[in-house]
Amino acid sequence: MFPIFRVEQVTSSQMIVNVAGTGFFISSNGNFISVAHVFDNTTNNPKYFYFGKLPTDLQSPPIEIEEIIRDDSNDIYIGRVKKKTDTFFRLSSKLVDIGRTICIGGYPLAQITNNSQGGLELMGVRRYFQPSFILDYIKANSDNGAGKIRLHDGFIVRDIGLFGMSGGPVFDTTGTLVGIQGSVMPPRQSTGANGRTISVENAVVIRSNLVLDFIKHRGIRIN
């Protein structure tokens, strides 16, 4: 699992660097999975980079990410980092059961600053893991804010939606990948007779067997 950095060149001497989302390797040759909306273009024709499995494994210099193929309608993105890796996820071919305990991973709320040497300080880019469970199955449309509608086909999890988690792996207690974090549902609120308000947030996860079928039908190497 690693953060996906978006770099936008604003002027000849100014650029914007942030973490757009999360990716994770699915093979030893650097192929990885994320969601397509992480790579939606902005006005400054951004480039996307692999800086390593932060915070401990810094890649210097960073490696530009290559797109292999994407499915915008189902929000699936397959990319490549020109780097060998010994650790990667194995995708489950089965639909996970409702009530199953899972864990959500990603790189939310990344803090990037300039250091005294003129480079980037990346210690504020940290891994995040959230234990959760499967609430129900769902097919839901999601709007990227620019009018592009995508279908997220999978299941609902109890989750607090944090910027940077999109594309992160969702895995079970055996470490097997069961889905990809796709979108966050609007918070639901309930106010009791005593005036106390409770807010519940859920996320929609794209099921792994949908992604696995997409990959296999296009002859992309996994494992």
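**Exercise 1. Charged side chains**

Is E67 buried, partly exposed or exposed, and at what relative accessibility? Determine also which salt bridges involve R70.

*Solution.* The model is predicted.

Step 1. Buried means under 20% relative accessible area and exposed over 50%. E67 has 44% relative accessibility, so E67 counts as partly exposed.

Step 2. The side chain of E67 meets that of R70 in a salt bridge, at 3.6 Å from N to O. R70 has 22% relative accessibility and therefore counts as partly exposed.

Step 3. R70 also meets D72 in a salt bridge, at 3.2 Å from N to O. With a relative accessible area of 28%, D72 is partly exposed.

Step 4. These residues belong to a network of salt bridges that links D40, E67, R70, D72, D75 and R150. The search of the whole structure finds 10 salt bridges.

Step 5. Another salt bridge joins R207 and D153, whose closest N and O atoms are 3.0 Å apart. Because R207 lies in strand 17 and D153 in strand 12, the pair ties together parts that are 54 residues apart in sequence. D153, at 9% relative accessibility, counts as buried.

**Exercise 2. Aromatic pairs**

Describe the geometry of the pair F2 and F32 and that of the pair F24 and F89, and state which parts of the chain each pair ties together.

*Solution.*

Step 1. The count of aromatic pairs comes to 11. F2 and F32 form one with 5.2 Å from centre to centre and 80° between the planes. Planes over 60 degrees apart count as edge-to-face, and the pair of F2 and F32 is edge-to-face.

Step 2. F2 lies in strand 1 and F32 in strand 3, so this pair ties together parts 30 residues apart in sequence. Both F2 and F32 are buried.

Step 3. F24 and F89 also form an edge-to-face pair, with 5.5 Å between centres and 85° between the planes. Since F24 is in strand 2 and F89 in the loop between strand 7 and strand 8 (101-106), the parts tied together are 65 residues apart in sequence.

Step 4. F24 is buried at a relative accessible area of 0%, and F89 counts as buried at 17%.

Step 5. F2 and F32 are also members of one aromatic cluster, together with F25, F39, Y48, Y50 and Y77.

**Exercise 3. Helix 1 and the nonpolar core**

How many of the nine residues of helix 1 are buried, and which element gives the most to the largest nonpolar core?

*Solution.*

Step 1. Helix 1 spans residues 208-216, and seven of its nine residues are buried. They are S208, N209, L210, V211, L212, F214 and I215.

Step 2. These buried residues pack against strands 3, 6, 7, 12, 14 and 17.

Step 3. The largest nonpolar core has 32 residues, and F32, I33 and I65 have the most contacts inside it. At least two residues of this core come from each of strands 1, 2, 3, 4, 7 and 14 and helix 1. Helix 1 gives the most, with five residues.

Step 4. Apart from neighbours within four places in sequence, I33 is in contact with residues including F24, Y77, V211 and I215.

**Exercise 4. A buried serine**

Where does S27 lie, and which backbone atom lies 3.4 Å from a polar atom of its side chain?

*Solution.*

Step 1. S27 lies in the loop between strand 2 (14-25) and strand 3 (31-34).

Step 2. At 0% relative accessibility, S27 counts as buried.

Step 3. The atom sought is the backbone nitrogen of N31, 3.4 Å from a polar atom of the S27 side chain.

Notes
Residues numbered from 1 in each chain as written. Predicted model: local features only at pLDDT ≥ 70, side-chain atom pairs only at ≥ 80, totals over all residues. Heavy atoms only, no water. Helix = DSSP H or I, 4+ residues; strand = E, 2+ residues; numbered from the N terminus. Buried < 20%, exposed > 50% of the residue type's maximum accessible area, 1.4 Å probe, protein only. Polar contact = N/O pair within 3.5 Å; in protein donor to acceptor, adjacent residues only side chain to side chain. Contact = heavy atoms within 4.5 Å. Core = buried A, V, L, I, M, F, W, Y, C linked by side-chain atoms within 4.5 Å. Phe/Tyr/Trp six-rings, centres within 6.5 Å; stacked < 30°, edge-to-face > 60°. Salt bridge = Lys/Arg side-chain N within 4 Å of Asp/Glu carboxyl O.
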